[in-house]
Structure formats: C-alpha cells, structure tokens
Amino acid sequence: TDQCCHTIDNLQNIEQIEYSTYHPMILHTAATSYVRPSLVPNFQTNRSSLGHGSALYTIDLRSNQAAFQWSPSNEVFAIEGICSLSGILADWSSDRRLFVASTSASKLWEIDTRMPY
C-alpha cells in the first residue's frame, strides 16, 4: 500500500483542487458525486450540451472523505447537474472565503466555507 496516495471513494470525478487556507489537510474541489441525476444527452453529440454537473466539495485528507458544500445549479434554481464549476480560488487573506466561477451559469460567487472539521 502506497502511503502517499489518497483515494476519495465518494467522488466520481475530481476536476480541480484548491488548498484550503483553514487547514493543510483540507482541500476544496470541483467534483461530481456518484449520486446525481443523469443529464439528457444532445442527440447530435450524445453528450450533455450543458455543464458537467460539478459542484463544490471539501475533501478531508485525514479521513479521505468528501463533503458536499455548494452547487451552482442550486444557486441559479436549476436542476442539479445543469451548471458546473469552472474555477476555484481561495482568498489567502481570509480562512473562510472562497471564490467560485461557473461559465455555464455565467456567474462568479463568493462562498463562506465555514463548516465543522
């Protein structure tokens, strides 16, 4: 067993990782979970024509588990998985602030990431 690798079993796809300013073993990620609706594919490309359905998760490397934090689809009152995160940036002047962007929703948000660790 390789001790330097981490496996996060409750996430299907991890797209981006940003270190947390709160704790060195906490990461923020744009990811998809195994539990999400399947999007209707575009009939020409047989792929979804909207977002990839990624949402903001927090990964705790101490337990190798991810916790759902926030979704751009939910924020714009759309079906879960329609919008995706396209960028994550931690604010290093604050341990609770994270900026997230979604090109599929055409918005940028400031997220308060306080949660029990």
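**A guided tour of the predicted model**

Select Ser 20, Thr 21, His 28, Ala 90, Asp 95, Arg 96, Arg 97, Leu 98 and Thr 113: these residues line the largest cavity. The model in the viewer is a predicted one. The space inside this largest cavity is about 30 Å³. By the rule applied here, which requires 30 Å³ or more, the count comes to one cavity. The lining may be coloured by residue class: two of its residues are nonpolar, four are polar and three are charged.

**The whole chain**

Return to a cartoon view of the protein chain. How many helices and strands does the protein chain have? There are one helix and seven strands. Followed from the N terminus, the elements run β-β-β-β-α-β-β-β.

Next, show the surface. The accessible surface of the protein chain amounts to about 7,400 Å², and carbon and sulfur atoms account for 52% of it. Of the 117 residues in the protein chain, 37% are buried. Among contacts with a separation of 6 or more, 47% join residues that are 24 or more positions apart.

**Strand β1: Leu 11**

Select Leu 11, which belongs to strand β1, residues 11–19. Is Leu 11 buried or exposed? Its relative accessibility is 5%, so Leu 11 counts as buried. Now display its surroundings. Leaving aside residues up to four places away in sequence, Leu 11 touches Thr 29, Ala 31, Thr 32, Ser 33, Tyr 34, Tyr 57, Ile 59 and Ala 66. One of these, Tyr 57, is 46 residues from Leu 11 in sequence, and the two C-alpha atoms are 9.0 Å apart in space. Tyr 57 is also the next stop.

**Strands β3 and β4: the first aromatic pair**

The structure holds two aromatic pairs. Tyr 57 and Phe 68 form an edge-to-face pair, with 5.6 Å from centre to centre and 75 degrees between the planes. Why does this pair tie together separate parts of the chain? Tyr 57 lies in strand β3 (residues 55–60) and Phe 68 in strand β4 (residues 65–70), so the pair links parts that are eleven residues apart in sequence. The two partners may be compared on the surface: Tyr 57 is buried, with a relative accessible area of 10%, whereas Phe 68, at 47% relative accessibility, counts as partly exposed.

**Strands β4 and β7: the second aromatic pair**

Select Trp 70 and Trp 109. The ring centres of Trp 70 and Trp 109 are 4.8 Å apart and the planes stand at 65 degrees, so this pair is edge-to-face; an angle over 60 degrees is what that term requires. Trp 70 lies in strand β4 and Trp 109 in strand β7 (residues 107–112), so the pair ties together parts that are 39 residues apart in sequence. Trp 70 counts as buried, at 11% relative accessibility. Trp 109 is likewise buried, with a relative accessible area of 13%.

**Further along β3 and β7**

Select Thr 58, located in strand β3. At 3% relative accessibility, Thr 58 counts as buried. Add His 28 to the selection: Thr 58 and His 28 are 30 residues apart in sequence, yet 4.6 Å apart in space, C-alpha to C-alpha. His 28 has appeared on this tour already, as one of the residues lining the largest cavity.

Move on to Asp 112, which lies in strand β7. Asp 112 is partly exposed, with a relative accessible area of 42%. Between Asp 112 and Gln 69 there are 9.8 Å in space, C-alpha to C-alpha, and the two residues are 43 residues apart in sequence.

**Two loop residues with positive phi**

The last stops concern the backbone. Most residues other than glycine have a negative phi. Select Asn 64, in the loop between β3 and β4. Its phi is near 60 degrees, a positive value in a residue other than glycine. Asn 64 is partly exposed, with a relative accessible area of 23%.

Which loop holds Ser 106? Ser 106 lies in the loop between β6 (97–102) and β7. Although Ser 106 is not a glycine, its phi is positive, at about 55 degrees. Ser 106 counts as exposed, at 63% relative accessibility.

Key. Residues numbered from 1 in each chain as written. Predicted model: local features only at pLDDT ≥ 70, side-chain atom pairs only at ≥ 80, totals over all residues. Heavy atoms only, no water. 1 Å grid on protein atoms, 1.4 Å probe; cavity = no way out; pocket = protein on both sides within 12 Å on 5 of 7 lines; lining within 4 Å. Points joined across faces, edges and corners; volume = space filled by probe spheres on them. Nonpolar A, V, L, I, M, F, W, Y, C, P; charged D, E, K, R; others polar. Helix = DSSP H or I, 4+ residues; strand = E, 2+ residues; numbered from the N terminus. Buried < 20%, exposed > 50% of the residue type's maximum accessible area, 1.4 Å probe, protein only. Contact = heavy atoms within 4.5 Å. Areas by Shrake-Rupley, 256 points an atom, 1.4 Å probe, with all protein chains shown as cover. Phe/Tyr/Trp six-rings, centres within 6.5 Å; stacked < 30°, edge-to-face > 60°.
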